[in-house]
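Student: I would like a close look at one part of this model, the nonpolar core and what surrounds it. Please set it in the context of the whole chain.

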Amino acid sequence: MGGHHAEPYKVPHPSIYKVENVPQLLEVKESLARQGLSDPWLRNEAWRYERKAFGTHSSRLNTFMFRGLGVGFCAFLVTIAAEYALGIGKGQGGHGHGHDDGKHH
């Protein structure tokens, strides 16, 4: 387990994230300042607004909602084709047990 391993990713230096670069956070900072308050941890939220690395809110929502849709639809089509090819589901009648003789118990 010895040796030097290169990191699989590069961790950005925290100084690149500035409240002044994010209009929404700058508004919060100024609003707090008007009330005589400050939030020393506000910079920790700046990374969330980095569009190049994380996209926009709507792009992240679209990714979340539709990821896997193509694979799922293909699986659906394969399932339908397999059921059709194997004759599964044919002739199961009214209540789905395959022996609908018209009598009810």
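Tutor: What follows starts with the model as a whole, goes on to the core and its neighbours, and ends with the C-terminal part of the chain.

The structure is a predicted model. Its mean pLDDT is 82, and 80% of the residues reach 70 or more. Confidence varies by element: helix 1, residues 23-34, has the highest mean, 94, while helix 2, residues 51-54, has the lowest, 74. The secondary structure consists of four helices and zero strands, so the order from the N terminus reads α-α-α-α.

The largest nonpolar core is made of six residues: Tyr-17, Val-19, Val-22, Leu-25, Leu-42 and Ala-46. Burial is limited in the protein, in that 7% of its 105 residues count as buried. The exposed surface is about 9700 Å², and carbon and sulfur atoms supply 61% of it.

Within the core, Leu-42 can be followed through its contacts. Leaving aside residues up to four places away in sequence, Leu-42 touches Val-19, Leu-25, Val-28 and Lys-29. Of these partners, Val-19 and Leu-25 are also listed in the core.

Helix 1 has twelve residues. From first C-alpha to last, helix 1 reaches 16 Å, close to the 16 Å expected at 1.5 Å a residue. Just after helix 1 comes Gly-36, with a positive phi of about 75 degrees.

The loop between helix 1 and helix 2 holds Arg-48. Arg-48 counts as partly exposed because its relative accessibility is 42%, which lies between the 20% and 50% cut-offs. Arg-48 is 26 residues from the core residue Val-22 in sequence, and their C-alpha atoms are 9.6 Å apart in space. For the protein as a whole, 35% of the contacts between residues at least 6 apart in sequence join residues at least 24 apart.

The C-terminal part can be described by its helix and its annotation. Helix 4 covers residues 69-86, which is 18 residues. Its first and last C-alpha atoms span 26 Å, close to the 26 Å expected at 1.5 Å a residue. Gly-87 follows helix 4 and has a positive phi near 75 degrees. An unreviewed UniProt entry places the feature "transmembrane region" at residues 64-86. In the model, that span is 91% helix and 0% strand, with its end C-alpha atoms 35 Å apart.

Notes
Residues are numbered from 1 along each chain as its sequence is written. This is a predicted model: local features need pLDDT of at least 70, side-chain atom pairs count only at pLDDT 80 or more; totals for chains, interfaces and linings use all residues. Side-chain values use heavy atoms; hydrogens and water are left out. pLDDT is the predictor's confidence in each residue, from 0 to 100. Helices (H or I, at least four residues) and strands (E, at least two) are DSSP runs, numbered from the N terminus. A nonpolar core is a set of buried Ala, Val, Leu, Ile, Met, Phe, Trp, Tyr and Cys residues joined through side-chain atoms within 4.5 Å. Buried means under 20% relative accessible area, exposed over 50%, partly exposed in between (1.4 Å probe, protein chains only). Contact means heavy atoms within 4.5 Å. The expected span of a helix is 1.5 Å times one less than its number of residues. UniProt positions are given in the numbering used here, feature names are shortened, and annotations may be inferred rather than shown by experiment. Accessible areas come from the Shrake-Rupley method with a 1.4 Å probe; for residues, only the protein chains shown count as cover.
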